[in-house]
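Hi there,

Here is the structure I promised to pass on to you. Please have a look at it first, and then read on for what turned up in it.

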Amino acid sequence: MVDAHEHCGHDHICWGGGHHHEGGHELRLEDVSAGYGGQKAIEGISLSITCGHALALIGPNGAGKSTLLHALAGLRPILTGRILWNGAPLHDVRREIAFLPQRSEVDWNFPITVRRLVEMGRYPALGPWRPMGAHDCDIVDKALDALEMTDLQHRQIGELSGGQQQRAFLARALAQEAHILLLDEPFGGLDVPGAESLGALLRSLAREGRLVVASHHDLATAAQVFDRALLLRKRALAYGDTAEVLTPQNLQQVFPASERA
């Protein structure tokens, strides 16, 4: 197992005074396999990473990137192994995980405003019956402000640009006070300015002490956004610092020359 464990240099931002983890805030995968209908789409994945990092999952279509994200999010049961957060089963602390699906999987015509979407981030803390209080509204306001969405909070989500839609979902994650942000192809369909803005935002969220994990397909920009990379083709072929992982020797194991960006 390759280990990128190191202590984060700053605290998580927990606006609502929620529980606070001490130490390295470590996510650890031990021999994780997952898939569909008993068939393994990923197999034997082992790695360790702490808060304060942005991790790119890189591999061709069908390599298992989305399966791994779904397993981390608790949306796909694992077939073997363990996923631990600070030594405890990750899914015992679901409130600390926020998952952002591919934009193509979202119904952008659903009649919900940006603010209502962000308020959904408070639901795990509220439970099924407790209404939003002043404390929760304050957290939502701060999340909207942090993502520069305050002026757009009353817009229907389908009226937003692609980059704004991603920011709205990230604001929901901040309102949830999630420590682990899982994103499935977040740059898909964005224009160059939108992609650059989102990349800067993800780097900023990692620097604030969160752990960002995202599937990514653009080899040319990976090192600009992510400081860690996992090269994946069902199994983990390389893991570590992005520049050290995305070498020609490693890439030729995974991508035919015609598939490289």
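Before the findings, one term: helices here are DSSP runs of H or I with at least four residues, numbered from the N terminus. Please also keep in mind that this is a predicted model.

**Helix H1 and what follows it**

With that term in hand, a good place to begin is helix H1, which covers residues 65–73. Right after H1 comes Gly 74, with a positive phi near 80°. How many of the residues of H1 are buried? The count is 8 of the 9, so H1 is largely enclosed by the rest of the structure. The buried residues of H1 are Lys 65, Thr 67, Leu 68, Leu 69, His 70, Ala 71, Leu 72 and Ala 73.

His 70 is worth a click. His 70 sits in H1 and counts as buried because its relative accessibility is 16%, where buried means under 20%. Once neighbours within four places in sequence are set aside, His 70 is in contact with Tyr 36, Leu 75, Arg 76, Phe 99 and Asp 184.

**The sheet and its helices**

Next, the sheet. Six strands make up an open sheet with mixed pairing, and their order is S7-S8-S9-S4-S10-S11. At the edges are S7 (97–100) and S11, each of which pairs on one side only. From one strand to the next, the twist averages 15°.

Within this sheet, S8 (residues 180–183) and S9 (residues 211–215) are paired in the parallel sense, over 4 bridges. Leu 183 has Ala 214 in S9 standing opposite. Two helices can be added to this picture:

- H5 packs on the sheet and touches S7 and S8, and its direction makes about 170° with that of S7.
- H6 also packs on the sheet, where it touches S4 (54–58), S8 and S9, and its direction makes about 145° with that of S9.

**Two pockets**

H6 comes up again in the largest pocket, which holds about 250 Å³ of space. Of the 14 residues that line this largest pocket, those closest to its centre are Phe 187, Ala 195, Glu 196, Asp 218 and Thr 221. Which helices each supply at least two residues of the lining? They are H6 (192–207) and H7 (222–225). H6 gives the most, with 6 residues. Sorted by class, the lining of the largest pocket has 6 nonpolar, 5 polar and 3 charged residues.

The second largest pocket has a volume of about 210 Å³. Its lining is made of 15 residues, and nearest its centre lie Gly 59, Pro 60, Asn 61, Lys 65 and Glu 185. Here the classes come to 3 nonpolar, 8 polar and 4 charged residues. Lys 65 may look familiar: it is among the buried residues of H1.

**Cavities**

Searching the whole structure gives 2 cavities of 30 Å³ or more. The second largest cavity holds about 40 Å³ of space. Its lining consists of Leu 27, Leu 29, Leu 47, Leu 55, Leu 57, Leu 68, Leu 72, Val 213 and Leu 230. The elements that give two or more residues to this lining are S2 (26–36), S4 and H1. By class, the lining of the second largest cavity has 9 nonpolar, no polar and no charged residues.

**Two backbone angles to look at**

Most residues other than glycine have a negative phi. With that in mind, please look at two places in the loops.

Glu 148 has a positive phi, near 55°, and is not a glycine. Glu 148 is in the loop between H4 (134–146) and H5 (162–176). Is Glu 148 buried or exposed? Glu 148 counts as exposed, because its relative accessibility is 64%.

The other place is Lys 234, also not a glycine, with a positive phi of about 70°. Lys 234 lies in the loop between strands S10 (228–233) and S11 (235–241). Since its relative accessibility is 36%, Lys 234 counts as partly exposed.

Happy exploring, and best wishes!

Technical notes: Residues numbered from 1 in each chain as written. Predicted model: local features only at pLDDT ≥ 70, side-chain atom pairs only at ≥ 80, totals over all residues. Heavy atoms only, no water. 1 Å grid on protein atoms, 1.4 Å probe; cavity = no way out; pocket = protein on both sides within 12 Å on 5 of 7 lines; lining within 4 Å. Points joined across faces, edges and corners; volume = space filled by probe spheres on them. Nonpolar A, V, L, I, M, F, W, Y, C, P; charged D, E, K, R; others polar. Buried < 20%, exposed > 50% of the residue type's maximum accessible area, 1.4 Å probe, protein only. Contact = heavy atoms within 4.5 Å. Pairing = 2+ DSSP bridges. Axes fitted to C-alpha atoms, helices over the stretch in contact; angles between N-to-C directions.
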